[in-house]
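Colleague: I'd like to go through the labels on this one and hear the reasoning behind each. Can you take me through them?

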Amino acid sequence: MSAGESLVSLQEAFAAMLDDPAADAAITGHLLPAGPDAALQERLGLYRGNVRASRRAALASAYPVLAALVGDAYFDALALAYAR
């Protein structure tokens, strides 16, 4: 496997981790501190939450009327479905 292929697979694992907490195991060995550390899991969860909030904010600013019409909970679900 070349270095380019390794980077691509690492980036794919990271992108998968952003949407699926079950995919954390594929990436944790490559992050510092390595291993299934509770603090590392917490940081990944915080990062995942920030990414979701940023996606939702971007969609809400692009579609403010839709966000107002459907309400926060439904718009959150729409933003998550759109990201997937």
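Colleague: What makes the pair Arg56 and Asp76 a salt bridge?

Modeller: In this predicted model, an N of the Arg56 side chain and an O of the Asp76 side chain are 2.3 Å apart. The cut-off is 4 Å between a side-chain nitrogen of Lys or Arg and a carboxyl oxygen of Asp or Glu, so the pair gets the label. Arg56 sits in helix α3 and Asp76 in helix α5, so the bridge ties together parts 20 residues apart in sequence.

Colleague: And why is Asp76 called partly exposed?

Modeller: Its relative accessible area is 36%. Buried would need under 20% and exposed over 50%, so Asp76 falls in between.

Colleague: How do you know that Arg56, Asp72 and Asp76 are linked in a network?

Modeller: Arg56 has a salt bridge with Asp76, and Asp72 forms one with Arg56 as well, with the closest N and O atoms 3.1 Å apart. That second pair also links distant parts of the chain: Asp72 is in helix α5 (residues 72-83) and Arg56 in helix α3, 16 residues apart. Asp72 has a relative accessible area of 54%, and the line for exposed is over 50%, so Asp72 counts as exposed.

Colleague: How many salt bridges are there by this rule?

Modeller: The count comes to four. Another of them is Asp19 with Arg55, where the closest N and O atoms are 2.7 Å apart. Asp19 lies in helix α1 and Arg55 in helix α3 (residues 38-62), so this pair ties together parts 36 residues apart in sequence.

Colleague: Why is Asp19 called buried?

Modeller: The relative accessibility of Asp19 is 18%, and buried means under 20%, so Asp19 makes the cut. Arg55 comes to 26%, so that partner is partly exposed.

Colleague: What is Asp19 in contact with, leaving aside neighbours within four places in sequence?

Modeller: Arg52, Arg55, Ala83 and Arg84.

Colleague: Over to the nonpolar side. What makes Tyr63, Leu66, Tyr74 and Leu78 a surface patch?

Modeller: A patch takes nonpolar side chains with over 30% relative accessible area and no salt bridge, joined within 5 Å. Tyr63 shows how it works: its relative accessibility is 47%, which is over 30%, so Tyr63 qualifies on area, and it counts as partly exposed. Tyr63 is found in the loop between α3 and α4. Together the four residues have about 390 Å² of accessible area.

Colleague: Which residues make up the largest nonpolar core?

Modeller: Seven of them: Ala13, Met17, Leu18, Ile27, Leu40, Leu44 and Val51. Helices α1 and α3 are the elements that give two or more residues to this core. Apart from it lies another core, of five residues, including Leu59, Ala67, Phe75 and Ala79. What earns the name is being buried and joined through side-chain atoms within 4.5 Å.

Colleague: And how does the chain look overall?

Modeller: Its secondary structure comes to five helices and zero strands. Of the 84 residues, 21% count as buried. The chain exposes about 5700 Å², with carbon and sulfur atoms supplying 64% of that. As for contacts with a separation of 6 or more, 31% come from residues 24 or more positions apart.

Key. Residues numbered from 1 in each chain as written. Predicted model: local features only at pLDDT ≥ 70, side-chain atom pairs only at ≥ 80, totals over all residues. Heavy atoms only, no water. Buried < 20%, exposed > 50% of the residue type's maximum accessible area, 1.4 Å probe, protein only. Contact = heavy atoms within 4.5 Å. Helix = DSSP H or I, 4+ residues; strand = E, 2+ residues; numbered from the N terminus. Patch = residues over 30% accessible without salt bridge, like charges linked within 9 Å, V, L, I, M, F, W, Y side chains within 5 Å. Areas by Shrake-Rupley, 256 points an atom, 1.4 Å probe, with all protein chains shown as cover.
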